[in-house]
Amino acid sequence: MDLTSFAGPFLPEIVLLAGVLLVYLLDVLKLRSNELVGSIAVAATGFALLFVVADLGFTPFALLRTLPASSVDPTFSGGYPLYAFTSLGLVFQAIFLLATCLVSLASLSRPREERGAPIFYGLLLLATLGMLLVAVAADLIFLLLAIEVTSLATYLLVGYTRRDSRSLEAAMKMYIIGALSTTLSFFGASLLYGAYGTTNLYAIRAIGILNTGAGAGSYPVLVLLGYGFLIVGLAFKATLVPFHAWAVDVYDGAPTDVTAFLAGGSKKMGLFAFFLVLLAPILFVRTVASGSPFTTTQVALGPVLQITLAVLAVLTMTVGNVLALLQKEMKRMLAYSSISQAGYMLIGITVGTAPALAGATLQIFAHVFMKGGAFLLVAGVSAWGIGPLIDDWKGLGTRRPLAGVAFALMLLSMAGVPLTVGFVSKFVLFSAAVQAQGYFVWLAIAGLLNSALSVFYYARVLRVMFFEQAAPNPLPAGTVVGGSEPPILPAGGFGYGRAAAIGLVVIVIVAVGVYPQMVLGAVQSAAQHFVNFGA
Amino acid sequence: MTAFVVVGLAGTRLKRLEWGGWVAVGFAGAALIVGVLVAAGAMLDPGRYTNVQYTWFQLPPSPGTFPNGFELVVGTLVDPISALMLLVVTVVGFLVMLYSIEYMHHDRGLPRYYAELSLFLAAMTGLVISNNLFEFFLFWELVGLCSYFLIGFYYEKPSASSAAKEAFLVTRVGDVMFLLGIFLYFYNYRFAGPAGSGGWAANGFVFVNGSQPFLAGTMGGNSTLLTVAGIMILGGAAGKSAQFPLHVWLPDAMEGPTTVSALIHAATMVAAGVYLLAVTSLFLGFTATDQLLIVAIGGITTFFAATMAVVHPDIKRVIAYSTISQLGYMVLAVGAGFAMVGLFHLFTHAFFKALLFLSAGAVIHAVGTQDLFKMGGLRKTMKITATAFAIGGLALAGIPPFAGFWSKDDILGSVYAQLGAHPAYWPFFILAVAGVFLTAYYIFRAWFLAFSGDRPRDPTLPHAHDPTWRMTVPLVTLSALAVGAGFLIFWPNFQGLLLNGAGVAGIPPTYGTTDLLLSAMSVLLGGAGIALAWYLWGNGKVFVLPESSAVQPVRKLLLNRYYMKAGYDWIGAKGVYSIARAADFFDQFVIDGTVHGFERMFAAFSDRLRRIQSGVVSDYAAYVVGGLIAVFVLLLFVAPYLVAKVGGG
């Protein structure tokens, strides 16, 4: 393999790495201004995004470059590689890069006096680099290591402010639970290696899972244990109940821009890892179930995994929604809402068909914008002196109509109101579950009921923002009563970077909601490609 | 055509201006020009269908549910049928806007009025040019919403806001049925479609495929299901077009401004139900059971609404009942398989009914009351209005050569020709014919009461005079249309259209075979009705039914609208209110209780709560391990058991 044919497909990663190096070089040169370092991060993610979009074959960008044919070879004629470029992997690369791009764009408006810009952007880019590698992983070890790259970077990101004890505590918690789950994941991978003799995901797919080799009877337990550990290990990343407890504290304690990155970016990586790891066993059994020699009397692996995932999915969305309903703080409410959204997304891999994967991918795409945007907006609003409680947002819709409307749009999209991207993604996802029939229909119904439940707490925020008056400033004793004006918000907006990021979010929410076909078509064909790839 | 909708919407944005009314008129005028041009284009070349659409989103095929995939489109369709409706909407819409300038100038809240009216016009045009059922439904809801707003325009009046609510609720019953109907059709046709088209669902429920009428009779399906779907569509149409038994809201909707009554509750929105039936009948087809049911609803409504109009003292409500009754004729025609004949009556009716409403509005504007028994002798001071009302009345009564004659005669003739094949239509045909007599009687009773005689019966009425040109121009224009619109039937293109519509539903085109005897009879009946009205009420007379008369109970029954409204109110008060109370109880005790219960539960275990979510990392690790054990229990024991039991996904 010569260098160019190796480097070609990894151009986006290389761009990011160059960005990281440049940022740290500037740090050494004492050029640490937020704007400068931030623009490097934005530029790096932007370039990488352009390359990924070109890889996906969107015509305006296709001239830019095309992937070498060898890197998308689904026949694996030259043996199983560590990485493989599937269309869905590229879609996820694009999603990750979009999330990072939004966060770094918004962070351009961080207060000037806040320090640590190079650390922040460098870690952000490193975490994104790990995520891009996850998206193209073809081997379990490669996948888990790539996840580790991201994890290490995010632990540091959560605690980078150093002086804030809350964020330090959050970082510590995340690190301990993260280390535990990494151990579990690797243990699971080793068990799978024991069962299959390989850790390559596509090789596993190709192997007859249940009856290859001698002593077929001993395989299922080992395989089940292996997948069980992997599910638990990855569930930490994807914030599935009951492995979610860290997420709320961390989302709450971390600097809000970092929270936006965690909810919009790194969590999605965990979900895509689920896709990668579990599609093979689920799909494999599904495809052989109709009259091939694999339908033995032994436990069918796919359905067992599916039922387990279905339970996790329903548990996650229900617990997330119910607890979100009870929250009084905006960030914790959004955190729980984000957990419940992970439950919806898990439906995609549980069902395991191409339309369902497409629906889940679209839901993830939507969530990057809705939830990432919401956290970015929360970060901006707190700079105006709005407190952490939902009640502190009283009257914001009338005092700052632009921010109010943008936030309302994000909430409406999360609730799945038509003409927003959230509606389209839920529609595609749930209808795919219904199409798959069987008990998946109940999954869709559980999802619908949960969406209905979630409307309550979104609507509560809307009511607070638009229909309630802000409490007047507490008057000093002895003043004449009559000054019932709400406190004046500090002048000025979010700053250009944050305003641009939020504007972009709003545009995407509405544009894809009104005209979803372009994104939907790309995601659908990518999901189909992913399902067929290497099979 | 999309630009057309945009024009309407842009209109709604500009209403804050001082000259908002004129701006709205301008936009309505622009819409009129575009509408007439487009409609003329479509009508001059009957073979032409302009279908513009783009895909909103689509799902790939899946073997079980959508073998051909599923697609939702947004599009506009201009064919002769929608052109006819377009003409009605834009012409009446423009004239009513113009009329509003003077009629409404004393009222407050005019920006709201013009904004809502413009929004209504935009939505209504959107509705008639929708090319698929989902889009149709969307606009359908939008016009319903505008209607709700406009009925409640005088929201300070309790009767107005309660009428608005009533209209909203009653039509909602129909809307829910309509939506169910769409789903049933979708369920039934998801596999099927005309050859090569990939299925109805795959094509986004579009009405037309090229110039071919879609689906009619060519596709199979479960006939029971189709019948139920048809009944649901009928329910939707009955709600919107105020058909029995969902007619109660329309007379009360007269609480809105008269202009609104003319535009929305006479000419356009209420006709949307008929349009829906016609479109469904043309492109989907009804089963024989559905047809009989539709004919029955149409016939019954025609007669019953007419009887209620006979006794009412309020000039607007007489016309409102008349609208219900006339819509019944259209429904009757559609049910008998003559969708286009029904639409022809819709076309002529829109003009003469708007004319009647606007003349009534001129009277109300001049004398300040709606009570017929206080008016009288207005003929002398309001010459134009009196003539206009008379022309509208003659058209309504079906006296040749006025527009109503041609279309009503067509309906009766067409249904008559079907009686041989469908004897079950007989009773409803007789009701419809009897309706002709009643129609002529009640409308001329109203005319004589208001206009004949020497002076108003209530001497305190202000001195009345004809309005200015802003109100008379619409009156004169509509009068001309009420005289002339019926002659359209002599235009070969239009005849072809009528034939085409009849032929589609699989029924021999019979509209042309109007029975001369039948025509003569209906004209005679109309004449008799007018004569009776003159005999009882003419020349300022007031016919007082003796208290001892045997007919007195009938009059009471009619005045009380057969007690249906009271019955609904009773059901509403007892039934719905209890449901509402139950829901309130549920809300207060179950939902709030659950939420508070959770809170209390958490509060009670606040120590543990703090431990759960506020920090101790070893606990989180314990959850992970606990979760791990739970996952293994699931994976190793529960799931295999379930898979063995059910057979897996």
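The following legends describe close-up views of a predicted model with chains A and B.

**Figure 1. Overall composition of chain A and chain B in the predicted complex.** Chain A contains 21 helices and zero strands, and 59% of its 535 residues are buried. Chain B comprises 24 helices and four strands; of its 649 residues, 53% are buried. When contacts between residues at least 6 apart in sequence are considered, 79% of those in chain A link residues at least 24 apart. The corresponding value for chain B is 81%. For the complex, the predictor reports an ipTM of 0.76 and a pTM of 0.66.

**Figure 2. Helix H5 of chain A and its surroundings.** H5(A) spans residues 87-107, a total of 21 residues. The distance from its first C-alpha to its last is 30 Å, close to the 30 Å expected at 1.5 Å a residue. Because 21 of the 21 residues of H5(A) are buried, the helix is largely enclosed by the rest of the structure.

**Figure 3. Packing of H5(A) against helix H15 of chain A.** Two packed helices are described by the angle between their axes and the distance between the axes. H5(A) and H15(A), the latter formed by residues 354-382, meet at an angle of about 5° with axes 10 Å apart. The two helices are therefore roughly parallel to each other, the angle being under 35 degrees. H5(A) contributes Leu88(A), Val91(A), Ile95(A), Leu98(A), Ala99(A), Leu102(A), Val103(A) and Ala106(A) to the contact. From H15(A) come Thr361(A), Ile364(A), Phe365(A), Val368(A), Gly372(A) and Leu376(A). By class, the residues of this contact are twelve nonpolar, two polar and no charged. An α-helix has 3.6 residues a turn, so residues three or four places apart point the same way.

**Figure 4. Helix H7 of chain A and its buried residues.** H7(A) covers residues 140-158 and has 19 residues. From first C-alpha to last, H7(A) reaches 26 Å, close to the 27 Å expected at 1.5 Å a residue. Buried positions in H7(A) include Leu140(A), Leu143(A), Leu144(A), Ala146(A) and Ile147(A). Further along H7(A), Thr150(A), Ser151(A), Ala153(A), Thr154(A), Tyr155(A), Leu157(A) and Val158(A) are also buried.

**Figure 5. Environment of Ala245(A) in helix H11 of chain A.** Helix H11 of chain A consists of residues 245-253, among them Ala245(A). Ala245(A) counts as buried because it has 24 C-beta neighbours inside 10 Å, the threshold being 20 or more. Ala245(A) and Lys173(A) are separated by 72 residues in sequence, and their C-alpha atoms are 9.9 Å apart in space.

**Figure 6. Environment of Thr387(B) in helix H15 of chain B.** Thr387(B) belongs to the helix formed by residues 383-397 of chain B. With 16 other C-beta atoms within 10 Å, Thr387(B) is partly exposed. The C-alpha atom of Thr387(B) lies 9.7 Å from that of Phe451(B), a residue 64 positions away along the chain.

**Figure 7. Confidence of the prediction along chain B.** The average pLDDT of chain B is 72, and 68% of the residues score at least 70. Among the elements of chain B, helix H12 (residues 315-335) has the highest mean pLDDT, 86, and strand S4 (residues 212-213) the lowest, 39. The pLDDT is below 50 over residues 1-18 of chain B, a stretch with 39 contacts in the model beyond near neighbours in sequence. Residues 208-219 of chain B also have a pLDDT below 50, with 34 contacts beyond near neighbours in sequence. Where pLDDT is low, the predicted coordinates should not be read in detail.

Technical notes: Residues numbered from 1 in each chain as written. Chains lettered and ligands numbered in written order. Predicted model: local features only at pLDDT ≥ 70, side-chain atom pairs only at ≥ 80, totals over all residues. Expected span 1.5 Å × (residues − 1). Buried ≥ 20, exposed ≤ 12 C-beta atoms within 10 Å, placed from the backbone. Contact = placed C-beta atoms within 7 Å. Axes fitted to C-alpha atoms, helices over the stretch in contact; angles between N-to-C directions. Parallel < 35°, antiparallel > 145°, perpendicular 65-115°, else oblique. Nonpolar A, V, L, I, M, F, W, Y, C, P; charged D, E, K, R; others polar. pLDDT = per-residue confidence, 0-100.
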